[in-house]
Amino acid sequence: MNAAPLKAHALSDGTLRFICLAMVLNQPEKFMPSTLLIDEPELGLHPYAIALLAA
């Protein structure tokens with residue numbers, strides 16, 4: 001089994017967008033800004049991934 005790390009350039013745009021949105025939306029309350037604007041969060045995401053983030 002290959003133990004080499006998976007680099008970001010090997011991931012699809014949709015996967016990178018999901019990871020970034022998940023990180024931003026799931027950070028602790030004390031680090032969340034009072035206002036957070038995300039332009040077109042559904043862009044490049046599968047409908048199921050959007051449902052997961054919305055939950």
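A residue is called buried here when its relative accessible area is under 20%, exposed when it is over 50%, and partly exposed in between. Keep that in mind as we walk through this predicted model, because by this cut-off 9% of the 55 residues of the protein chain count as buried.

Let's begin with the overall outline. The protein chain has two helices and zero strands. Its C-alpha trace spans about 45 × 25 × 20 Å along the principal axes. The radius of gyration is 14 Å, whereas a compact globule of 55 residues would have one near 10 Å. As for the surface, the protein chain exposes about 4,900 Å², and carbon and sulfur atoms supply 63% of that area.

The record adds a label to this outline. An unreviewed UniProt entry carries the annotation "domain: ATPase AAA-type core", which covers residues 3-54; such annotations may be inferred rather than shown by experiment. In the model, this span is 40% helix and 0% strand, and the C-alpha atoms at its two ends lie 33 Å apart.

Now to the inside. Which residues make up the largest nonpolar core? There are five in all: Leu21, Ala22, Leu45, Ala49 and Leu53. Helices H1 and H2 each supply at least two residues of this core. In soluble globular proteins, nonpolar side chains tend to be buried together.

Leucine 45 is a good member of the core to look at in your viewer. This leucine sits in the loop between H1 and H2. Is leucine 45 buried or exposed? Leucine 45 is buried, because its relative accessible area is 11%, and the cut-off for buried is under 20%. Leucine 45 also shows how the chain comes back on itself in space: glycine 14 is 31 residues away in sequence, yet the two C-alpha atoms are 5.2 Å apart.

The loop that holds leucine 45 has other residues worth a visit. It lies between helix H1, residues 13-25, and helix H2, residues 47-54. Start with glutamine 27, which is found in this loop and counts as partly exposed because its relative accessibility is 28%. From glutamine 27 to alanine 4 the separation is 23 residues in sequence and 28 Å in space, C-alpha to C-alpha. Proline 28 is another residue of the loop, and with 45% relative accessibility proline 28 also counts as partly exposed. Proline 28 and arginine 17 are eleven residues apart in sequence, with their C-alpha atoms 20 Å apart.

Further along the loop come two leucines. Leucine 36 is placed between H1 and H2 and counts as partly exposed, at 37% relative accessibility. Leucine 37 is in the loop too, but why does leucine 37 count as exposed? The reason is its relative accessible area of 77%, since exposed means over 50%. In space, the C-alpha of leucine 37 is 16 Å from that of phenylalanine 18, and the two residues are 19 apart in sequence.

Leucine 36 has a further role in the picture of the surface. Together with Val24, Leu25 and Ile38, Leu36 makes a nonpolar surface patch of about 270 Å². A residue can join such a patch if its relative accessible area is over 30%, so the 37% of leucine 36 fits this requirement.

One last stop in the loop is about the backbone. Glutamate 40 lies between H1 and H2, and its phi is near 50°, a positive value in a residue other than glycine. Glutamate 40 counts as partly exposed because its relative accessibility is 42%.

Methods
Residues numbered from 1 in each chain as written. Predicted model: local features only at pLDDT ≥ 70, side-chain atom pairs only at ≥ 80, totals over all residues. Heavy atoms only, no water. Patch = residues over 30% accessible without salt bridge, like charges linked within 9 Å, V, L, I, M, F, W, Y side chains within 5 Å. Areas by Shrake-Rupley, 256 points an atom, 1.4 Å probe, with all protein chains shown as cover. Salt bridge = Lys/Arg side-chain N within 4 Å of Asp/Glu carboxyl O. Helix = DSSP H or I, 4+ residues; strand = E, 2+ residues; numbered from the N terminus. Buried < 20%, exposed > 50% of the residue type's maximum accessible area, 1.4 Å probe, protein only. Core = buried A, V, L, I, M, F, W, Y, C linked by side-chain atoms within 4.5 Å. Rg over C-alpha atoms; globule rule 2.2 N^0.38 Å.
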